[in-house]
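Student: I have the sequence and the model open side by side. Could you take me through one part of it closely, the salt bridges, and then follow the thread to whatever surrounds them?

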Amino acid sequence: MVHAPGGIRCPDCAMMRRPPMYELEATHYLRAAAVAIPAAALLGVIAAVLIPPSPFVGLFRLVLGFLAGAGGGTLVAAALDRATNRKRGLTMQLFAAAAIAGAFGVRLVLSGDFDLVLQDVAGSVMFVIGVIVAWNRLA
């Protein structure tokens, strides 16, 4: 006997399948990559202009980093959602996390200060919140 969403059934009748939103084809991977790479570049440029890396920590910079991370994560998740016809799951979450990490890298490259990687608290907050928001939206 198998516990199915419709109750207890025999293994032949249960025919347990993954929901269609979690079944990805090769075209979905290509679309996700085609959206994640430009999104990372665009968000990295915007973040470099609005919140340049700095070793100075202030409440305003932390709040701005939190809001920018939440907005960036939401935008990346929405873009991946639209491009892949609302597909979800671990693969889409990893694409979103990679896009946020790419945006973080583009932001550091544009600033030119690689020494600030460990000192930029607002950027770290932005990165972590962006990944968390995108991850949860694509779960």
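Tutor: Let's fix the term before anything else: a salt bridge here is a side-chain nitrogen of Lys or Arg within 4 Å of a carboxyl oxygen of Asp or Glu. Keep in mind that this is a predicted model. With that rule, the count comes to 3 salt bridges.

Start at aspartate 120. Its bridge to arginine 61 has the closest N and O atoms 3.8 Å apart. Aspartate 120 sits in the loop between H4 and H5 while arginine 61 belongs to helix H3, so this pair ties together parts that are 59 residues apart in sequence. Aspartate 120 also meets the side chain of arginine 107 in a salt bridge, at 2.7 Å from N to O. Arginine 107 is in helix H4 and aspartate 120 in the loop between H4 and H5, so here the parts tied together are 13 residues apart in sequence. Put those two bridges together and you get a network linking Arg61, Arg107 and Asp120. Is aspartate 120 buried or exposed? Its relative accessibility is 1%, so it counts as buried, and arginine 107 is buried too.

The other pair to look at is aspartate 81 with arginine 88, where the closest N and O atoms are 3.3 Å apart. Aspartate 81 is buried as well, because its relative accessible area of 10% falls under the 20% cut-off.

Aspartate 81 leads us to the loop between H3 and H4, where arginine 86 is found. Leaving aside residues up to four places away in sequence, arginine 86 touches Asp81 and Met21. The C-alpha atoms of arginine 86 and proline 20 are separated by 9.9 Å, with their positions 66 residues apart along the chain. Arginine 86 counts as partly exposed because its relative accessibility is 43%. Now check the backbone. Most residues other than glycine have a negative phi. Arginine 86, though not a glycine, has a positive phi of about 65°, and asparagine 85 has one of about 60°, again without being a glycine. Asparagine 85 is in the loop between H3 and H4 too, and at 56% relative accessibility it counts as exposed.

Now for the helices around all this, with H2 as the way in. Helix H2 covers residues 26–50, and at 1.5 Å a residue its 25 residues should span 36 Å; the end C-alpha atoms are 36 Å apart, so the two agree. Its buried residues are His28, Ala32, Ala36, Ala39, Ala40, Leu43, Gly44, Ala47 and Ala48. Some of that spacing is easy to read: an α-helix has 3.6 residues a turn, so residues three or four places apart point the same way. The cover over the buried residues of H2 includes helix H3 (59–83), helix H4 (90–111) and helix H5 (121–137).

Those helices come up again at the largest pocket, which holds about 240 Å³ of space. Of its 19 lining residues, Leu43, Ala47, Ala68, Gly72 and Met126 are the closest to the centre. H2, H3, H4 and H5 are the elements that each give two or more residues to the lining. H3 supplies the largest share, 6 residues. By class, the lining has 12 nonpolar, 6 polar and 1 charged residues. Leu43 and Ala47, from that central group, are also among the buried residues of H2.

Terms used
Residues are numbered from 1 along each chain as its sequence is written. This is a predicted model: local features need pLDDT of at least 70, side-chain atom pairs count only at pLDDT 80 or more; totals for chains, interfaces and linings use all residues. Side-chain values use heavy atoms; hydrogens and water are left out. Helices (H or I, at least four residues) and strands (E, at least two) are DSSP runs, numbered from the N terminus. The expected span of a helix is 1.5 Å times one less than its number of residues. Buried means under 20% relative accessible area, exposed over 50%, partly exposed in between (1.4 Å probe, protein chains only). Contact means heavy atoms within 4.5 Å. On a 1 Å grid over the protein atoms alone, a cavity is a set of points where a 1.4 Å probe fits but cannot get out, and a pocket is an open set with protein on both sides within 12 Å along at least five of seven lines; lining residues have an atom within 4 Å of a point. Grid points are joined across faces, edges and corners, and a volume is the space filled by probe spheres set on the points. Ala, Val, Leu, Ile, Met, Phe, Trp, Tyr, Cys and Pro count as nonpolar, Asp, Glu, Lys and Arg as charged, and the others, Gly among them, as polar.
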